[in-house]
Amino acid sequence: MTESTNQLLKPVTTKINDEGNLSIGGCDLVKLADQYSTPLYVIDEQTLRSVCRDYKNAFASYEKVNMMYASKALCTMATSAIIASEGFGFDTVSGGEIYTVYKAGVDMKKVLFNGNNKSFDELNLAIDLGVGRISVDNFFELSLLDEIAKSKNEIVDVLLRITPGIECHTHEYIQTGHLDSKFGFDLTQIDEAVELILNQYKNINLHGLHAHIGSQIFETKVYHDEIEILVKELARLDEKFGLKLDEINIGGGLGVKYTENDLPPSTFEIADVIIKSLNENVKKYGIQPPTLFIEPGRSIISTSGVTLYTFGSSKQVPKGKKYVAIDGGMSDNPRPSMYQAEYRAQIANKPDAELAQTVTVAGRFCESGDILIKDINLPEIEEGDILCVFNTGAYNYSMASNYNRVQKPQMVLVNNSQSDIIVKRETLDDLIAKDVIPDRLK
Ligand code: LLP
């Protein structure tokens, strides 16, 4: 089966250049670190486009596919514009994500709004900006949405988010499709929701069902099973209510290669399983082939991103570990401390040097858990060396914080030896911009 970009650990353009430094998108990473300072997020446009094209090619044989990118993985205006230019729509989960893609010029008909507790203001914004689908998560939202839509004299197009009862082997916090989940209608609640839509909520137009089974998934069979559940439900709802639903959204979840131990299936393998399951189950349950929505996040953006850091202090614990500290950590990449996530890295200014020692890369934040990489083999390290951590495109900047009142890093886009800032570094004034001292304290 053809390889795909999500199976790579590093961006497709990663090279060692004539100066002996790592380069991505034709840009020397040491020069980028010098020009923009560190920590620095770098996104390789070619890798990003390559993943989008893998997905499109992989699903080309199924006629009705709506590719959407789950913007929670990384949501910036520039990356949204690139992904939109590859023909993708967007799965959004907040007013902030909806606003970002809107401002990036995305066709809002291709945007879906998802989430387990969308606010009144967010639903209003979604309707006002004309998002194409709202994935309704629960009874409270159904009633709220109908009320808002009625007040605007609008009919809103929705999917119902359901919990298909599938467990996949991924970190507990990133499983979402099993029965005891905060997301979506339980299978036993679907009929009541449908009855409400048919009989009471006249401003809601139901198109289909939506599920998501988890993230960083390596198994393909779970998608097969998920599709069977969704198709079976469409057939059942047709039989019971005469309802011709023609859309299923199977969520995202395809994994990426953070370390050499991760062997994610290719987009082609996943597409193969999904399309086979669809064709098989459509026949088995006797319904017309539905439009398929998929909404991967991590596998679209992760591989295109790396983060650059500068080494500073180090500490050799007597008869213990050697800690080498970088100028970032858990505020720009919370994944190691939240999920024990592992990353691989190289020193950008000496990628070829002999691996001379095992060290632990420590972040600069004030807690012991702020460890970026445990026990990694690296060359001798000098202060000022640049560390390049791979596969940081997804769920790094999007989950970044200002912990310890540290500014979030800036982000540059690289392509064809050119680099452009796509997210500016925060300034100290940005950090206090929203602070207010009440007059009585002055
Ligand atoms: N659709 C829905 C409804 C989702 O909940 C998610 C992710 C996606 C799509 C995209 O899944 P992906 O293709 O990225 O796996 N912060 C965690 C990941 C949380 C994923 C939550 N839902 C992490 O850093 O691993």
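Helices, here runs of at least four residues, and strands, runs of at least two, are assigned by DSSP and numbered from the N terminus. With that numbering, Gln216 can be placed in the loop between strand 11 (204-210) and helix 8 (221-241). The structure is a predicted model, and its protein chain has 12 helices and 21 strands. The radius of gyration of the chain is 23 Å, close to the 22 Å that the globule rule gives for 442 residues, so the chain is as compact as a globular protein of that length.

**Overall dimensions**

- Taken along the principal axes, the box filled by the C-alpha atoms of the protein chain is roughly 70 × 65 × 45 Å.

**The ligand and its surroundings**

- The ligand is surrounded by 19 residues, of which the closest are Ser215, Glu295, Arg298, Arg335 and Tyr395.
- By residue type, the shell around the ligand divides into 6 nonpolar, 7 polar and 6 charged residues.
- Both domains contribute to this shell, since at least three residues come from each of domain 1 (5-43 + 303-432) and domain 2 (45-301).
- Tyr395 places a polar side-chain atom 2.7 Å from an oxygen atom of the ligand, while in Arg298 a polar backbone atom is 2.7 Å from an oxygen atom of the ligand.
- For His212, a polar side-chain atom lies 3.4 Å from a nitrogen atom of the ligand.
- The ligand taken alone exposes 580 Å², and the protein buries 93% of that.

**A sheet of three strands**

- Strands of a sheet pair through backbone hydrogen bonds, and this pairing can be either parallel or antiparallel.
- In this model, 3 strands form an open sheet in the order 1-2-3, and their pairing is antiparallel.
- Strand 1 (15-16) and strand 3 (27-28) are the edge strands, each of which pairs on one side only.
- Strand 1 is joined by 2 bridges to strand 2 (residues 22-24), and these two strands run antiparallel.
- Lys15 stands opposite Ser23, a residue in strand 2.

**Backbone details in two loops**

- Most peptide bonds are trans, and most residues other than glycine have a negative phi.
- The peptide bond from Thr38 to Pro39, however, is cis, with omega near -10°.
- Pro39 lies in the loop that runs between helix 1 (29-36) and strand 4 (40-44).
- Gln216, the residue placed at the start of this briefing in the loop between strand 11 (204-210) and helix 8 (221-241), has a positive phi of about 55° although it is not a glycine.

Methods:
Residues are numbered from 1 along each chain as its sequence is written. This is a predicted model: local features need pLDDT of at least 70, side-chain atom pairs count only at pLDDT 80 or more; totals for chains, interfaces and linings use all residues. Side-chain values use heavy atoms; hydrogens and water are left out. A residue is near a molecule or strand if one of its heavy atoms lies within 4 Å of it. A polar contact is a pair of N or O atoms within 3.5 Å; within protein, one must be able to donate a hydrogen and the other to accept it, and residues adjacent in sequence count only if both atoms are side-chain atoms. Accessible areas come from the Shrake-Rupley method with a 1.4 Å probe; for residues, only the protein chains shown count as cover. Ala, Val, Leu, Ile, Met, Phe, Trp, Tyr, Cys and Pro count as nonpolar, Asp, Glu, Lys and Arg as charged, and the others, Gly among them, as polar. Domain bounds come from an automatic or database domain assignment. Two strands pair if DSSP finds at least two bridges between them. The radius of gyration is taken over C-alpha atoms; the globule rule is 2.2 Å times the number of residues to the power 0.38.
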